[in-house]
Amino acid sequence: MRAVLFDMDGTLVDSEKLWDISLAALYTELGGRLTPRVRESMVGGSAEDTIRTVYVDLGLDPDPRAMAESSRWLHDYTAGLFDGGLPWCDGAQELLEALAAEGTPTALVTNTQRALTDRALNSIGSQYFSVTVCGDEVARGKPAPDVYERAAALLGLHPAACLAIEDSVTGTAAAEDAGCPVLVVPNDVAVPGGPRRRQVFSLVGMRVADLRRVHFELASHVEERTA
């Protein structure tokens, strides 16, 4: 394990609950109501996929200008919520501190757009991360592997040398497709198991040595399967 690549929303900070608020407000603005089933389908998705889901769900004309305006409205509303401070997910800050103390490179790898990510970093602390990659800086957001491939490339590493930490089905698929072993810490939505992923209930008590063991075991399992 040469580096650790962290998702942001729902993995490091419990911001999915703030997205719940802003998405419900967008639905009200557009004359509809957000249901739990549709909200669950959005978790971990890109900005484009989220707005597309909203318009399909509400039966709205998918006019690109209207969708772009809705995306701006949603991100402006969410930015105001982010500015009020972001609550850490249990154990996340302590793990970042431990990685920083031993000098292990880390990356923030998120579908959230750069402008909003920078607002979030005011709460999280940009000093923890060697690089940050956002969904609007690659051709395709998660579940495509682009953000993870870019983060590994910026660190000068192969994705297989990096352990990804994710909370969502979408993000886990992106990390796996890039070639990263994945530690899954489900937040609001269950994530299926798989040979290249390990699940834990939370990051509380996780040490860097634990991450290294998980990476070694998952990487060894993949090598055995491909031998």
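The following exchange goes through helix packing, burial and salt bridges in a predicted model.

Colleague: How do the axes of α4 and α6 run relative to each other, roughly parallel or roughly antiparallel?
Modeller: Helix α4 covers residues 64-82 and helix α6 covers residues 114-124; their axes come within 9 Å. The axes cross at roughly 5°, and angles under 35 degrees count as roughly parallel. The two helices are therefore roughly parallel to each other.

Colleague: Which residues of α6 make the contact with α4?
Modeller: By class, the contact of α4 with α6 has four nonpolar, four polar and one charged residues. From α4 come H75, T78, A79, G80 and F82. From α6 come L116, R119, A120 and S123.

Colleague: What span is expected for α4 at 1.5 Å a residue?
Modeller: Helix α4 has 19 residues. From its first C-alpha to its last it reaches 26 Å, which is close to the expected 27 Å.

Colleague: Which elements cover the buried residues of α4?
Modeller: The buried residues of α4 are M67, S70, S71, L74, H75, T78, A79 and F82. Their cover includes α1 (16-29), α3 and α6.

Colleague: What does S70 touch beyond its sequence neighbours?
Modeller: S70 is found in helix α4. Its relative accessible area is 6% and the cut-off for buried is under 20%, so S70 is buried. Leaving out residues up to four places away in sequence, S70 touches L26, L30, I51 and Y55.

Colleague: Is D61 buried or exposed?
Modeller: D61 lies in the loop between α3 (47-58) and α4. The C-alpha atoms of D61 and G103 are separated by 50 Å, with the two positions 42 residues apart along the chain. With a relative accessible area of 59%, D61 is exposed.

Colleague: How many residues apart are R52 and D49 in helix α3?
Modeller: R52 and D49 form a salt bridge in which the closest N and O atoms are 2.6 Å apart. R52 is partly exposed at 43%, and D49 is partly exposed at 30%. Both residues are in helix α3 and about one helical turn separates them, because they are three residues apart.

Colleague: Which parts are tied together by the salt bridge of R212 and E102?
Modeller: The side chains of R212 and E102 meet at 2.6 Å, N to O. R212 counts as partly exposed at 32% relative accessibility, and so does E102 at 41%. The pair ties together parts that are 110 residues apart in sequence, since R212 lies in helix α9 (residues 208-226) and E102 in helix α5 (residues 92-102).

Colleague: Does D210 count as buried or exposed?
Modeller: D210 and R207 meet through their side chains in a salt bridge of 3.1 Å, N to O. R207 counts as exposed at 52% relative accessibility. D210 has 8% relative accessibility and therefore counts as buried.

Colleague: Which residues are joined into one network by salt bridges that share partners?
Modeller: Side chains of opposite charge can pair when their charged atoms come close. A search of the whole structure finds 15 salt bridges. Some of them share partners, and these join D7, K142 and E166.

Colleague: Which residue does a cis peptide bond join to K142?
Modeller: Most peptide bonds are trans. The bond in question has an omega of about 20° and is cis. The residue that follows K142 lies in the loop between β3 and α7, and it is P143.

Colleague: With which residues is D146 in contact?
Modeller: D146 lies in helix α7 (residues 146-155). At 11% relative accessibility D146 counts as buried. Leaving aside neighbours within four places in sequence, the contacts of D146 are V138, A139 and R140.

Colleague: What covers the buried residues of α7?
Modeller: The buried residues of α7 are D146, V147, Y148, A151, A152 and L155. Their cover includes β1 (3-6), β2 (106-109), β3 (131-133), β4 (162-166) and α8 (169-178).

Colleague: Which phi does G156 take?
Modeller: Most residues other than glycine have a negative phi. G156 comes just after α7, and its phi is positive, at about 75°.

How values were computed:
Residues numbered from 1 in each chain as written. Predicted model: local features only at pLDDT ≥ 70, side-chain atom pairs only at ≥ 80, totals over all residues. Heavy atoms only, no water. Axes fitted to C-alpha atoms, helices over the stretch in contact; angles between N-to-C directions. Helix = DSSP H or I, 4+ residues; strand = E, 2+ residues; numbered from the N terminus. Parallel < 35°, antiparallel > 145°, perpendicular 65-115°, else oblique. Contact = heavy atoms within 4.5 Å. Nonpolar A, V, L, I, M, F, W, Y, C, P; charged D, E, K, R; others polar. Buried < 20%, exposed > 50% of the residue type's maximum accessible area, 1.4 Å probe, protein only. Expected span 1.5 Å × (residues − 1). Salt bridge = Lys/Arg side-chain N within 4 Å of Asp/Glu carboxyl O.
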